[in-house]
Amino acid sequence: MRKLETFITDSPDEAARIALAGELVAFPTETVYGLGAPIFDRRAVARIYKAKGRPPSNPLIAHVVDRDQINELTTHVPPAAEALADAFFPGPLTLVLPRHPAVPPEATAGLNSIGIRMPDHPAASAFIRAVGQPVVAPSANRSGRPSPTTWQAVAEDLDGRIACILRGERSRAGLESTVVDCTTDRPLVLRPGSIGIEQLRQVVGDVRFMSGTQEELARSPGTRFRHYAPAARVIAVEDPAALSGDPAAAFIGINLPPSTENYALVRRCRDADEYAHELFEFFRACDAARIETIYCELVAPEGIGRALDDRIRRAAEEG
Ligand code: TXA
Ligand code: MG
């Protein structure tokens with residue numbers, strides 16, 4: 001890689017000092033890398049939108065390390081949210097709760113609710129603890145691009161636009177957290193993610209999944225934007241056996257197509273977990289190789305497969 005303008009560090013304390021000086025810092029989590037700012041620094045929060053080119057109406061997730069920080073952010077934790085937090089915090093779950101009036105509106109794109117997540121990653125926790133307040137962070141990609149699962153992918157999108165990257169290993173999950181709106185009686189999954197709806201239902205039986213009504217879409221600003229797309233054209237494939245091969249194309253999936261030598265790049269994944277871990281990094285590798293078309297096998301929408309299905313279909317939407 002060419003010489004970077006953005007400063008790279010392995011020290012959460014150093015990264016926190018930079019964040020507290022009002023600069024933007026990317027940091028690793030177990031899902032994908034985030035682009036962070038202290039939640040009460042309104043100017044830094046506003047700069048996140050600028051650095052990413054993010055639509056101003058798309059709210060940010062606040063990352064916390066403990067229960068006290070959750071109580072700083074919300075006025076009320078309903079019983080269902082309480083149960084989900086007990087079961088899945090720290091972990092790849094975001095709970096949408098009523099916003100505390102002290103939280104600056106910039107952090108939530110003016111909404112009265114706030115997404116809260118407690119990452120399960122030692123460097124992320126050390127960073128947030130050293131910042132001394134919740135850290136708002138969207139995924140650390142340019143808006144519309146695949147979320148970054150390595151620090152190099154962050155640099156590829158944001159070098160020179162942010163002050164610092166807290167370097168970590170490759171993200172464990174590779175797909176973003178599951179976002180669950182707990183502001184109404186029945187929790188509603190706004191974005192499928194690393195935690196499957198089946199797992200959520202073992203804790204709160206009546207968790208609902210979005211059925212696509214206008215009211216639901218209004219509650220989920222993130223669904224209004226094109227996402228996760230590489231420069232290459234993505235084609236979702238039901239049955240790889242029916243593919244005929246294309247030397248300018250790439251393939252990723254669990255079941256291989258016939259004559260794999262007829263592709264520029266092929267990635268076979270053991271199962272849905274490995275597929276989720278690989279997908280965004282594969283998109284970036286394909287762009288680096290100037291591949292024109294990426295065939296992605298669709299998987300059963302169960303467990304993390306639901307999130308994979310969502311990301312593949314969105315990447316395949318015509319922009
Ligand atoms: O795994 C993740 O969630 C990663 C890591 C960095 O934590 N973060 C992430 O952030 O994916 P972002 O900004 O790329 O996606 C946040 C999603 C968006 O779809 C956004 O609309 C939704 O969460 N969201 C955040 N706050 C919300 C709120 N108050 N109400 C409804 N949706 C919200
Ligand atoms: Mg994102």
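In what order do the 4 strands of the open sheet stand, and is the pairing parallel or antiparallel? The order is β12-β15-β13-β14, and the pairing is parallel. Helices (H or I, at least four residues) and strands (E, at least two) are DSSP runs, numbered from the N terminus, and two strands pair if DSSP finds at least two bridges between them.

This is a predicted model, in which local features need pLDDT of at least 70 and side-chain atom pairs count only at pLDDT 80 or more, while totals for chains, interfaces and linings use all residues. Residues are numbered from 1 along each chain as its sequence is written, chains are lettered from A and ligands numbered from 1 in the order in which they are written, and side-chain values use heavy atoms, with hydrogens and water left out.

**The sheet and helix α10**

The edge strands of the sheet are β12 and β14 (263-268), each of which pairs on one side only. From one strand to the next the twist averages 20 degrees; here axes are lines fitted to C-alpha atoms, for helices over the stretch in contact, and angles run from 0 to 180 degrees between N-to-C directions. Strands β12 and β15 pair in the parallel sense over 5 bridges, and the bridge partner of Val234 in β15 is Ile294.

Helix α10 lies across β12 and β15, running at about 135 degrees to β12. The expected span of a helix is 1.5 Å times one less than its number of residues, so the 13 residues of α10 (residues 304-316) should span 18 Å, and its end C-alpha atoms are indeed 18 Å apart. Because 10 of the 13 residues of α10 are buried, this helix is largely enclosed by the rest of the structure; buried means under 20% relative accessible area, exposed over 50%, and partly exposed in between (1.4 Å probe, protein chains only). Among the buried residues are Ile304, Leu308 and Ile312, and what covers the buried residues includes β10 (188-191), β12 (233-237), α9 (272-288) and β15 (293-297).

**The nonpolar cores**

A nonpolar core is a set of buried Ala, Val, Leu, Ile, Met, Phe, Trp, Tyr and Cys residues joined through side-chain atoms within 4.5 Å. Of the 49 residues in the largest one, Leu35, Leu84, Leu93, Leu95, Val136, Ile162 and Leu200 touch the most other members. At least two residues of this core are supplied by each of several elements, including β3 (34-38), α2 (42-52) and α7 (197-203). A second, separate core of 24 residues includes Ala276, Phe280, Phe283 and Val299.

**Features in the loops**

Two residues other than glycine have a positive phi, as the table sets out.

| Residue | Phi | Loop | Relative accessibility |
|---|---|---|---|
| Ala109 | near 50 degrees | between β5 and β6 (113-117) | 24%, partly exposed |
| Arg290 | near 55 degrees | between α9 and β15 | 75%, exposed |

A cis peptide bond, with omega about -10 degrees, joins Phe89 and Pro90, and Pro90 is found in the loop between α4 (79-88) and β5 (93-98).

Is Asp159, in the loop between α6 (151-158) and β8 (164-166), buried or exposed? Asp159 counts as buried because its relative accessibility is 15%. A polar atom of the side chain of Asp159 lies 2.9 Å from the backbone nitrogen of Glu5. Leaving aside its neighbours within four places in sequence, Asp159 is in contact (heavy atoms within 4.5 Å) with Arg2, Lys3, Leu4, Glu5, Thr6 and Val154.

Key: Polar contact = N/O pair within 3.5 Å; in protein donor to acceptor, adjacent residues only side chain to side chain.
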